[in-house]
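I opened the model today to look up how the chain is packed and what lines one of its pockets. My entries follow.

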Amino acid sequence: MIENKKIITAPIFYINGLPHLGHLYTCIAVDVLRRFEIAMGRSSCASFGTDEHGQKVELACLEALKSNSEEMLCEYANKMTIPFKNLLAAANVISNAWIRTTDNDHKEVASWLWREIEANGFFYEKKYVGWYAKADEAYYREEEVLNNVAIPTGSKVEWVEEDCMFFKLSAFREQLVLHYHRNKDSVQPQSRYNEVLGLLSQDLPDLAVSRTRFKWGISCPNHNDHIMYVWLDALANYLTFLARSGGTFNLIGSMIHVIGKDILKFHAIYWPALLLAAKLPLPKQIFAHGWLLVKETKMSKSRGNFIDPFTLLEKYGCDQVRYFFMKAINFGNDSNFSEEAVEQIYNAELINEIGNLAQRVLVFCYNKYGGTLYCDNTQAEILRDWDVALNNAEHAMKNQDITKYIIAVRKAIMQTNKYMNDNQPWLAQDPKEVMSILCLCIQRMSILLWPVMPHACEKIAAMMGVTDITVNSWSICLAHKISQKPTPLFQMIDNFK
Ligand code: MSP
């Protein structure tokens, strides 16, 4: 049952190249949001998939397989979806659905959406004459083009003439403005919300939603020589996810779409307008994160500066990369990526702060108390600090603010390190109470960090004999049983170079 769950969606990935770090980043962010719900004892689900139609994919297939026949295109798509799916497994991302736009159920859903919009009178046929950028699969107006380049994206444009079906996007401008004025949290962060209002303050031309110059796409119902515009096809995947999960399309109203800032217009303007035209509710929230930059430029397939995500995950470890992305990159803003930065955070925070704290506490308890400790002082101030961290984390994650959530948890980790140093249990005769409090702190740390570093936190829980790594065991003063000598959570960095 998908009802009553926090429903989070990832953008579906283009398959005209291999996955890169930008894709990995999006997947991890969605997974952290989703796992946070699990850690808080609530239900959640997340969808992922691949965007397989369109001219870009057709051209990539032509280049790779020297053919763009239907058969070769299917073969190409079958091959190219795999590394993206593998990326989820490599990054320990839990997914509820893998939606490929070439799946039959998706084709049916997209065709349903088309028919609804057409039946409601929002499509008309017209010849398009103007600028088109293959790289963006989008048309541009005269004022958006300079020297054969689309100003908004920097992509090359060409002059085309094409018979198209148009969507009356212009008819929805006022409704969208009203919706965004009424729902100020519906686009996050605030800077992106302002951007959407800015776009809506301009003229909103009708949108060409079908193509007749190439064939790789879903046939438009009632217009067999047209295929659907790749974005209409792709956006419909969110409905496919609902259909596949047994939910009604009205549940779109509780969806949170996590996307990169480059595809904000498609999600915050085109998609809501299409939904309104089909008489469906609008998504609950769109969160547009920033870009990962390499030496100040966007990492992308076409720029050739992409770093292989599988190599990175293998080299540093999955949890370590997940932590780095969530901690070092301010969620919502652009950030530079470098391996030096990964190593710096690895040493400073994972080894020195988190790993060290867990290791010092658990090894001390194991050596001194033969492994079993019971915490009966839940009023200790340091435990209150963890309550504050929990509250702040919850508050931040209501708005998908991963950065604030991690800041809240790190604060409590630093306070716990200080608590241990101030109390110097290694000098005391019987520091049982301090150690039992510290054990509960470590347990709480594992609950709050599990969404980001599931392996490491499961290891902490296993070392302590804790079976429930959710908030349900937050205040339960368990007897912590450290039955085996604890081993370090993270390897020293030199060991894997
Ligand atoms: N297929 C469309 C999405 C359709 S969703 C209905 C698409 N695909 S993509 O493969 O180009 O990008 C997928 C996601 O990765 C987008 O959210 C995009 O913003 C994100 N990223 C691509 N490059 C990125 C970075 N360098 N940094 C961070 N995210 C980036 O767009």
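I looked up burial first: 58% of the 497 residues in the chain are buried (under 20% relative accessible area with a 1.4 Å probe, protein chains only). This is a predicted model, so local features need pLDDT of at least 70, side-chain atom pairs count only at pLDDT 80 or more, and totals for chains, interfaces and linings use all residues. Residues are numbered from 1 along each chain as its sequence is written, and side-chain values use heavy atoms, with hydrogens and water left out.

Next I checked the overall dimensions. The C-alpha trace spans about 85 × 45 × 40 Å along its principal axes.

I then counted secondary structure and found 16 helices and 21 strands (DSSP runs, H or I of at least four residues for helices, E of at least two for strands, numbered from the N terminus).

For contacts (heavy atoms within 4.5 Å), I took those between residues at least 6 apart in sequence; 76% of them join residues at least 24 apart.

Last, I turned to the second largest pocket (on a 1 Å grid over the protein atoms alone, an open set of points where a 1.4 Å probe fits, with protein on both sides within 12 Å along at least five of seven lines; lining residues have an atom within 4 Å of a point). Its lining has 16 residues, and Lys 6, Ile 256, Lys 284, Lys 398 and Gln 400 lie nearest the centre. I noted that α1 (21-39) and α13 (381-398) each supply at least two lining residues. The largest share, three residues, comes from α13.

How values were computed
Buried < 20%, exposed > 50% of the residue type's maximum accessible area, 1.4 Å probe, protein only.
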